[in-house]
Amino acid sequence: MIAASPHLYRQQAAQLGISPQIVEYAIAQSAAPEKQKLPGILTLRHLAHLSGADYTYLRKITTRRHDAYRLFNVQKRSGGHRLIAAPEPHLAAIQRWIVDKILLERSASSSSFAYSRGSSPLRCAKLHLGAKWLIKIDIHDFFESISERRAYFVFRDCGYQPLVAFELARICTRVSSGDSANDERWHVNLKRQSNGLLDYRNEKMGHLPQGAPTSPLLSNLVSITLDEMIVKLATKYKLSYTRYSDDLTFSTGDSFTHVAAQDFLREVERILLTFGHAVHRKKTKISPPGARKIVLGLLVDGDHLKLPLNVRKRISDHVRGIEKFGISKHAASRHFISLWGMIRHIKGLLTYARSVDAKFAGPLEIRLTKALEQQSWPQKVISA
């Protein structure tokens, strides 16, 4: 820490023959982030020193001369594919340093229930228990619709000087090479940028890549003002509001109408558009009294959370299939490539189910353990 021990810093700088003016500037520049218990970062080279990264590599990333991401698609449960941009190991290590040293120290809004310490789908869903009306909205391409400009202001709020904040934002974002590269949102008018480093002039705006370690926490932090505006609107309509990443949920235990719901949706969409987000209208759902109400895969229309029947059936079928046909045949019938991957998947489902309904999940866990033992599955896997 620089500002935390300025006398020692001055002494060391004097021994190295560094100008007193530069030393005082460095102390002043580091003071703001260090007051927030964040590392003082003076330059990109200083960041390289602190994080153990290669400075030349960081320059290539911040000047957009190197696209350090591997692209691949994963299938969505709801159909279609999601593009994942996974950073190469060296960039991922730098981004994890930013997460550990900077982003984890920042708090998201109280309406956000994803990616933060102590947050969970269960805590989110519980806030909607007893709902008579439920409204669900999904943001289309949530991470990809968050620009490097918005990431920049997160780092400015951390107390970093403009150039350092800009470089941190560049490290955490990517310029798309696909269809969205032609989107006007991601183009910058270079004629307006008469000042600044020429190396950083780029006509394309970066965005958060889905797959980078920094994207989840940054998405929460850039959405603080968004959440505040939506909370204000929801309060006006007497609705409770939660956001789990790109899933927005609103509920009320009082009387409501379809007309009011449609008016509310239009106002929410206007707010989202001002932040560069688009609503996935096919996934927007209004559940009136009498309709089944599910939040993040859990039923909330009673006084306690419940697992939907299709989820209970899927877990039970997995256990029954292993008991009746054996691990290999069941894996083949369910198109699992890895037996170990299938067991981990089923165990994960049971752990989640136990957190909601221990009476349902407990006996199934016992049956699964017994079936694995009978089929001579390694004990370390059974107990994992």
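**Notes on the cores and a buried helix**

1. A good place to start is Cys158: with 0% relative accessibility, Cys158 counts as buried (under 20% relative accessible area, where exposed is over 50% and partly exposed is in between, with a 1.4 Å probe and protein chains only). Cys124 is also counted as buried, at 1% relative accessibility. Searching the whole structure turns up zero disulfides (pairs of cysteine sulfur atoms within 2.5 Å).

2. A word on the basis: this is a predicted model, in which local features need pLDDT of at least 70 and side-chain atom pairs count only at pLDDT 80 or more, while totals for chains, interfaces and linings use all residues. Residues are numbered from 1 along each chain as its sequence is written, and side-chain values use heavy atoms, leaving out hydrogens and water.

3. The largest nonpolar core (buried Ala, Val, Leu, Ile, Met, Phe, Trp, Tyr and Cys joined through side-chain atoms within 4.5 Å) holds 64 residues. Ile98, Ile102, Phe155, Tyr160 and Phe250 have the most contacts inside it. Helix α11, residues 258-274, supplies the largest share of this core, seven residues (helices are DSSP runs of H or I, at least four residues, and strands are runs of E, at least two, numbered from the N terminus). Apart from this core lies another, of 28 residues, including Val300 and Ala371.

4. Beyond its neighbours within four places in sequence, Tyr160 is in contact (heavy atoms within 4.5 Å) with residues including Pro33, Leu38, Ile102 and Phe155.

5. Do have a look at helix α9, residues 215-222: eight of its eight residues are buried, so α9 is largely enclosed by the rest of the structure. Among these buried residues are Ser215, Asn220 and Val222. The buried residues of α9 pack against α5 (89-101), α7 (148-157), α10 (224-236) and β4 (240-244).
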